[in-house]
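Visitor: Please choose a single part of this model and take me through it closely, giving the cut-offs behind each term as you go.

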Amino acid sequence: MSTFLHFLVDGLRPSLRGGWLYWLWMLFLLALMGVTAWNYTDQWNQGLVITGMSDQVSWGFYIANFAFFVGIAAAAVLLIIPAYIFHRQDFRSVVLIGEGLAVAAVLVAMGFVLVDIGRPDRVWHAIPLLGRFNWPASILAWDIVVLNGYLLLNIAIPMYILFKHYQGKEPDIRHYFLFLVLAMFWAISIHTVTAFVFSSAVSRPFWHTALLAPRFIVSAFTAGPALMIIVLQLIRRFTVYPIRQSIITMLALILTISMQINLFLAGSEMFTDFYHETEHAASIHYLFLGLHGFSALTIWIWTALAFNIIAVILLMIHKTRTNMVTLNIACVLAFIGIWIEKGMALVVTGFIPTPLGEIFEYSPTLQELGVSAGIYALGAFVFTILTKGGIAIELDYKISA
Amino acid sequence: MSKNRKPVPSYREDTENTDLARRNFFKKMGLVAATGTVATIGAGKVISKQAWGGATFEDALGDFFQDHYVRMTDDEMVDALARIERKARRKFGVEIICEDTRPIPGTYFGYALNISKCRGYRDCVTACVKENNLGRDSQVQYIRVLELNEGDRNLEHSDHYYNPETVPTEGKWYLPVQCFQCDNPPCVTACPVEATWMDDDGIVVIDYNWCIGCRMCMAACPYWARHFNWTEPQIPAQELNPNTDYIGNRPRMKGVVEKCHFCSQRTRKGRQPACMEACPTGARVLGNLLDPSSDIRYILENKKIFRLKEELGTEPKFWYYTDEARARS
Amino acid sequence: MPLAALAGDDPFWLPSDKGRGLAPQVAADRFVTAPSGAPEPEFSRYDNRLPPRVPPREDQLIFYPCSQCHEFWKTNPEPRELAPVHNVGLQHGQGRLWCLVCHDQENSDKLQILRSGQVDFNESWRVCGQCHSARQKDWYYGAHGKRVYDWQGEPERYNCTHCHNPHRPPLIQRKPQPVPPVRAGLEPMQVYFSQQRLAVLEKKQAQPVENPAHE
């Protein structure tokens, strides 16, 4: 036990060592978290009225980010599959980083849910037996189960591997292989369940499509690798941890294919709704073309579409996919494009027009953005700490092995 | 430390500087902790004053640990009702009565609205706001009256904000919408904590002290019937309706969802809901679907009726009817 | 004549006429069943359904009993246009009706029905039902009209003339109650957008529709 405590302390200790840039980064993140605390106090006292949400658009920026970051979390599985199913040894070294990203992303997603609900002091009502847990009927109940399970899996598996490495031993693959397989399927399930939260609503024709869960998975597999490519390059830049270029190449390939499928699915949605517009196509009409003079989201969705198309072109051309500059551009464009398309454009459009045909638009307030800033920062903060500690232990193990 | 340990590499902490490092570590932590404590106390002050709404510590604790409506014992319910009354006294300076009205056995409510008669006055809306202690500031209204063009049933063409000099306007018809107390309610399935359910008399009720405010039910409702308290509801003390019940119109708090409950505080005692009582044209009819001699049964059996969005399978217990009779063979 | 000073075609002696379309609150214990004691005749039942209890009307009429003036005059049975002092501006039936169709010629305190004799003002609904029988059936069963106080039990319903002015039946036009508010802190939609956008919207509404699904 004392070894485990030593492991924890030694794992956290590297977070307190770093250059001035590192400390600037950490202080910046803490400052953002302070901004969140400040704005959240207002929200706690006054209620969600400080946001731009209304009865008409009752989910906004917070839930948009929630949906997006659950996707990022799910994409960590993309490192596990090549490493352990396709036996690519080069990926073994980055599996832990991917799972660290998953933990950070799940925490961000949970953070956004927590700031979104009206009575966070009552979350204990969702605990089975203590509260009343509407499982299996409520999809949100499923979401609570799968997200917490995923968090546990992604903490337990790396912790086991790292602890073994810390002790100088090689972990026995038979001990954790089943959990890895479970984590793979579980990753798909968290994002499918999140998609079902939306697609189960028969009241919202924009969401009530069988294509929503596939679109979620595919866009997660686009935005996730995009983020990972950039993060791995940063790790390569700021640490001595070796990141093989073959990893980046494969991730770029996954990104390309996923983006192609994502655009295909988006195109399929557009065709189905626009070929012969029914009343149910009102929301997508509003999104792309505006409705009755209201068109706040059109610029966003067309930008997102443009970003996605530019990204996929850059990715499909071999030269630009292998050139790191253009690849990074493509990653950034893809990330932003997916964030808009899956985050704001999906969530807000589902509410416009309302089931009674009213158009009431939404834009996040400054305070809403303030509350969100620190949650992003929390994710980055957790990821930095986990990576710092994990890499230290791994490097130590590699050298001593 | 494990005895397999190799010499410590340079990027790890060396043992000579461990103590110094440890001291520095604790210094840093101390500073952070001190700042943190001051911040927490300061924030705690700010939070505690507002979050408890000026409540006593005992009431706040009681509120926090309060069980779900269907699980509360009689004693717990008595305590909860007393807490609600005390809170209203503190907040509004008004003595209210809060009861726990149970459904009348053998009742199953249905509602019919005569669209030939509705003239768009919105008297129902105003009466509902007054009867159910709806927040004037948080601006929740359970009923929304839609103005549609003659012959058009497309809700997208409706006007919610009509305000002509006089109603009804030529060439328009009016459609009031509120919670339809569906028999197959999507909101009940959606709620992760079972804060909303269909009670024995068919009313879909909400336990306001259990709702966590996730608004999943609002996304799931096809009729836009559920509303959220984005802020603490403000009701002028002289307009507060003091006859309240737990599941119905007692003063609610911010952060919870609420909706039409067929005025359970009235209907479970045999009185008409406020909207039905206020409607000058008698367009609204609430009744017991299980009573074959009731008004509502006659309407459903003899009038041309329809429900909104039938294709969604929600089975609403709210029918619209016209003056025309159904063809009898 | 005291009534000479009271002119105009507003039937001011029916005070609820001012607020036609608004049923007054009536204490639940004052009801009239009709006719008291006597069994309800067959012709005024629908499938054996008896008429509902009704709040009285006579005390709502300012100048009731009418006989306090009318016993001094002989009734002229000739259908004609009446002088303003008594002319209520009859706009019921498009000229097919006149006063003595409903009002009793001999007893000005009563109304009359075709089949048999006199009817109290309290039971004026019996007069209406002679022509509006389908509506009256609906009223018996609760599909028309306004119920008093309770939703269950023995129905008590407001008389026809509580809402409908018998001399000028169409309900009055009225200003509606205020428009629904938007959430505290948010502006209504029209304000969110510039005048330019609003002008575009108005121009679009003036144009012929392109897509019927969304216009």
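Guide: Accessible areas here come from the Shrake-Rupley method with a 1.4 Å probe, and for residues only the protein chains shown count as cover. On that basis chain A of this predicted model exposes about 15,700 Å², of which carbon and sulfur atoms supply 75%. Residues are numbered from 1 along each chain as written, and chains are lettered from A in the order in which they are written. Local features need pLDDT of at least 70, while totals for chains use all residues.

Chain A sets the scene: its C-alpha atoms fill a box of roughly 70 × 55 × 45 Å along the principal axes, and it has 15 helices and zero strands, where helices (H or I, at least four residues) and strands (E, at least two) are DSSP runs numbered from the N terminus. Of its 401 residues, 61% are buried, meaning under 20% relative accessible area. Among contacts (heavy atoms within 4.5 Å) in chain A with a separation of 6 or more, 76% join residues 24 or more positions apart.

The part to look at closely is helix H9 of chain B, residues 295–302, which is largely enclosed by the rest of the structure because six of its eight residues are buried. Those six are B:Asp295, B:Ile296, B:Tyr298, B:Ile299, B:Leu300 and B:Asn302. Within chain B, the buried residues of H9(B) pack against strand E2 (109–114), strand E10 (284–288), strand E11 (303–306) and strand E12 (318–325). The surroundings of H9(B) also take in another chain, since these buried residues pack against helix H4 (133–141) of chain C as well.

Notes: This is a predicted model: local features need pLDDT of at least 70, side-chain atom pairs count only at pLDDT 80 or more; totals for chains, interfaces and linings use all residues. Side-chain values use heavy atoms; hydrogens and water are left out. Buried means under 20% relative accessible area, exposed over 50%, partly exposed in between (1.4 Å probe, protein chains only).
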